[in-house]
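Trainee: Please take one strand that appears late in a chain and show me closely how it is placed among its surroundings. I would be grateful for a connected account that explains each term as it arises.

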Amino acid sequence: MNPATPAIELREVSKHYAGSPPVIALDRVSVQIGHGEMVAVVGQSGSGKSTMLHVMGTLDQPTSGSVLIEGIDTSALPDDRLAAIRGRRVGFVFQRFFLLAGIPIIDNVANGLLYTGASRPERRTAAQAVLERVGLSERMWHRPNELSGGETQRVAISRALVHEPAFVLADEPTGNLDSASSASIMDLFHSLHAEGRTIVIVTHNEAIAAALPRQLQILDGRLERDIRIDASR
Amino acid sequence: MTFEPAQPAHGTPVSAIAPSRLRLSEVIRVGLGSLAARKLRSVLSALGIAIGIASLVSVLGLSDSSKSALLDQIGALGTNLLTVEAGSGFGAGDAALPSTAVATVGRVATVEATAAVYSVGVGVYRNDLVPEDRTGGISVFATDPGLMGTLNGSVAHGAFITEATRAHPVAVVGAVAAERLGIRDLDTPVELYLGGRWVEVLGVLEPFALAADLDRAVLIGDRAAETYYNIELAPTVVYVRVDEDHIDATRDVLAGTIDPENPEEVEISRPSDLLEARSAAESSFTGLFLGLGAVALLVGGIGVANVMVIGVIERRGEIGLRRAIGATRAHIRRQFLTEALTLASLGGAVGVLMGVSVTYVYATMQGWRVIIPTVALAGGLAASVVIGAIAGLYPAIRAAKVSPTEALRSD
C-alpha cells in the first residue's frame, strides 16, 4: 500500500433516499482523511452528517460516487467483505449506546469481536484489557443498566476498540451526556488519536468541534467548508 | 521536504482482511441469549407450539394404545369364532337348528371345535317364593362341557359342567345373571329354583367377550336337561371355532351343511367383526383429532412468526449495531432464523413430553398398554422444526433488510 494513500476518501459521493420529494442526504461530497487524523463533522440536524459517517464506515452504500478505504474502492465489494472491514478496521460509536441489556459489560464489549471468528475466551480476554484501559475493570460483571451515562458510553467505546480498529467513527458520542462526562469521553478520544488512530466525530457541539484539528462543515448534504487548525497551537 | 507517511497504526490492512464469520456455536449462543432476554414472550410463543405438538403426540399415542388394547382383546379371543343361529326371518318363529347340526358341523374339515347351547324354556329364581313372571331377564340354556374351550371362557368361582356333572341337576351362572341373582361367591353352597326343581350352583363364570348372551344365562348340563326338563336337544346357537386360514370358506359352506333344504334359515355371524368395527370407528375419530392438533400447531406457528416480526421491529437498534460490528446480512438472517427454530424446537420438545405424559397417564388409567409410536415422537419434533423454519423465514429476511443507518442514526 502506498503510504500516501488517504485512510478514507470520498469521491463525488451522493446519497439519495427515495420518497416524494426524494431526500438528498449527501450531494457530491469529495473529501480525503489521512491516517491518524482527528476530524469533526459538524452541521445542523438533518444536514447529512450521520449519513456521511455511515458511508465512510461502509455501513451504508452511496447512491453514486465511490468510497475508498486505504485505497480500496468499497463499491465493488460484496456484503461479507464490507462487514469484515467494519468488524476489523472500523470502530463505531453511537449517541444511543446500543448495549444489550441482558448480558454483562464484559460480554457487551467482547461482542465487538463476535463476527471475527475469535473464540469466547479470546474475546473476553481482549474485552477485559480494553475495560482496564478505560478504567471500568471494576464494573466488568455489571449489567448496562447499573452504569451511569458516561460509564455506559465508555463501555460502548470499549466495544468499538476491542478489535483494535484503525478508524474510530463516532456519531454524536456525547449527545446524551452531561458536560463532565462529555469532557472525559473527549479526553478518551484524544488519547486514542494520540495512539495513532484515525478519528472522525460527528457533533453539533461547537466547543467539541473547535477542539479538534480539522472540521468538515456540512450543509444540506454538501461539504460547505473544510477547516484545518494549525496542529502546532 | 521529508514527508512523514501516516502509516495505518493498527491491525491488518483492508486489502488483507478475511471475510466476517460467526461460529455455529456462536449463532446458537446469540439466538439463545436473545430468547433468554425476553423470557415470558419466548415461553408463551413456544407454548403455542408445545400445545399443538402435545395434542398430535397424545392423539397418536392414545389411538395406538387403545387400538392395541382392542387388538390384544381380539387376539386373545381369536377372530376365528363363528356363531350359528336359526334365522329369525319370515315364518321362522321359535326356530331352532336341526338336532343334527352339531354333528354335521363337526364333520367339516376346517372346523376345530364346536359347542352348542339349547334353550330350556324355563325360568330361574333365587327360591320357590318368587313369582313366576319375575325371571330377571335370565334365560336357561343347556350345554355340553366343551363350551368353555370353544368360547375361551373362564370361571370366576367354582367349576364348569364336566362329563361327571352334565347329567346331574347342577347349574353354572353367567356373570350378569350371578349379579342379578345376588350370587357373589360360592363359599357357602347356593341353590337356585330352576323350572320347579332345586339345583345346586357349581360355578360362576367370567364375562364372555364374544358371547354376551351367555352372561345373562344360567347353564345346565345337556343330559340333565333331557332327564329333568324333558326337552329335545335342538341347538339354539352353535359356536364354531374354525381354522384361521379358512374362515370365509368355512362360513360359506356352513349354512348348507347344517340345513341343506333351507340354508337361508341359518344365520352365521362373526362376533370379532364387532370389535374390529369399534376399532375402525375409533380410527376415524383419531383422524378428526389429528386435524384439530394440526390446527393448534398452525396457530402456534403463527404465534412464533408474530413474536419474531415484532422482535425485528423492536430490535432494529440491535440489528444496526450488529451490522456495525461486522455482521453480514446473512448473519442477521441466520440469527433470527435460529431464534425461531429454537423457540419452535423447544416448544416441540416440551410438547412431545406433554403428549407422552398425557398418553401415559390416560392409557394407564384405562388399563391399556402404553404405546407411543416412534412416528409421533420423530414427527412431532420434525413438525416443530419445519414450523419454526417457516415461521422464522419471513422475519429473518426482514431483519436482514433493516437499513443499519436508519436504525442507528441520531439526527
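Mentor: Strands (E, at least two residues) and helices (H or I, at least four) are DSSP runs, numbered from the N terminus. By that rule, A:R222 belongs to strand β10 of chain A, which covers residues 222-228. The model is predicted: local features need pLDDT of at least 70 and side-chain atom pairs pLDDT 80 or more, while totals for chains, interfaces and linings use all residues. Residues are numbered from 1 along each chain as its sequence is written, chains are lettered from A, and ligands are numbered from 1, in the order written.

Let us begin with A:R222. It counts as partly exposed because 16 C-beta neighbours lie inside 10 Å; the classes are buried at 20 or more other C-beta atoms within 10 Å, exposed at 12 or fewer, and partly exposed in between, with C-beta atoms placed from the backbone. Which residues does A:R222 contact beyond its neighbours within four places in sequence? They are A:D27 and A:V29, a contact being two such C-beta atoms within 7 Å. A:S14 is separated from A:R222 by 208 residues in sequence, yet their C-alpha atoms are 9.1 Å apart in space.

Just ahead of this strand comes A:D220, in the loop between β9 and β10 of chain A. Its phi is near 50 degrees, a positive value in a residue other than glycine. Most residues other than glycine have a negative phi, and most peptide bonds are trans. A:D220 is classed as partly exposed because 14 C-beta neighbours are found inside 10 Å.

A:D27 and A:V29, the contacts of A:R222, lead to β2 of chain A, which spans residues 23-33. There, 4 strands of chain A form an open sheet in the order β2-β1-β4-β5, with antiparallel pairing. The edges are taken by β2 and β5 (72-73) of chain A, each with a single partner strand, so one side of each has no neighbour in the sheet. Strands pair if DSSP finds at least two bridges between them. In this sheet, 7 bridges join β1(A), residues 8-17, to β2(A), and the two run antiparallel. Within that pair, A:I8 has A:I33 as its bridge partner. The loop between β1 and β2 of chain A holds A:P21, and the peptide bond leading from A:S20 into A:P21 is cis, with omega near -5 degrees.

On the other side of the loop that holds A:D220 stands β9(A), residues 214-219, which pairs with β3(A) in the parallel sense over 5 bridges. In this pairing A:A40 is opposite A:Q215. β3(A) also pairs in the parallel sense with β8(A), residues 198-203, again over 5 bridges; here A:V41 has A:V202 as its bridge partner. Is β3(A), residues 38-43, mostly covered or mostly uncovered? It is mostly covered, as 6 of its 6 residues are buried. A:M38, A:A40 and A:V42 point one way from the strand, A:V39, A:V41 and A:G43 point the other way, and all are buried.

A second residue invites comparison with A:D220. A:E172 lies in the loop between β7 (167-171) and α6 (179-194) of chain A, and its phi is also near 50 degrees, positive in a residue other than glycine. A:E172, however, is buried, because 23 other C-beta atoms are within 10 Å.

For contrast with the strands, consider helix α4 of chain A, residues 120-133. Its 14 residues reach 20 Å from first C-alpha to last, close to the 20 Å expected at 1.5 Å a residue, where the expected span is 1.5 Å times one less than the number of residues. A:R123, A:A126, A:A127, A:V130 and A:L131 are buried in this helix. They line one face of α4(A), because down its axis they fall within an arc of 135 degrees (the arc of directions from the helix axis to the C-beta atoms). Among the elements covering these buried residues are α3 (105-110) and α5 (149-161) of chain A. Just after α4(A), A:G135 takes a positive phi of about 80 degrees.

Finally, chain A also meets chain B: 51 residues of chain A are in contact with 39 residues of chain B. On the side of chain A that touches chain B, α1 (49-56), α2 (79-88) and β6 (90-94) of chain A are the elements that give two or more residues. Of these, α2(A) gives the most, with 9 residues.
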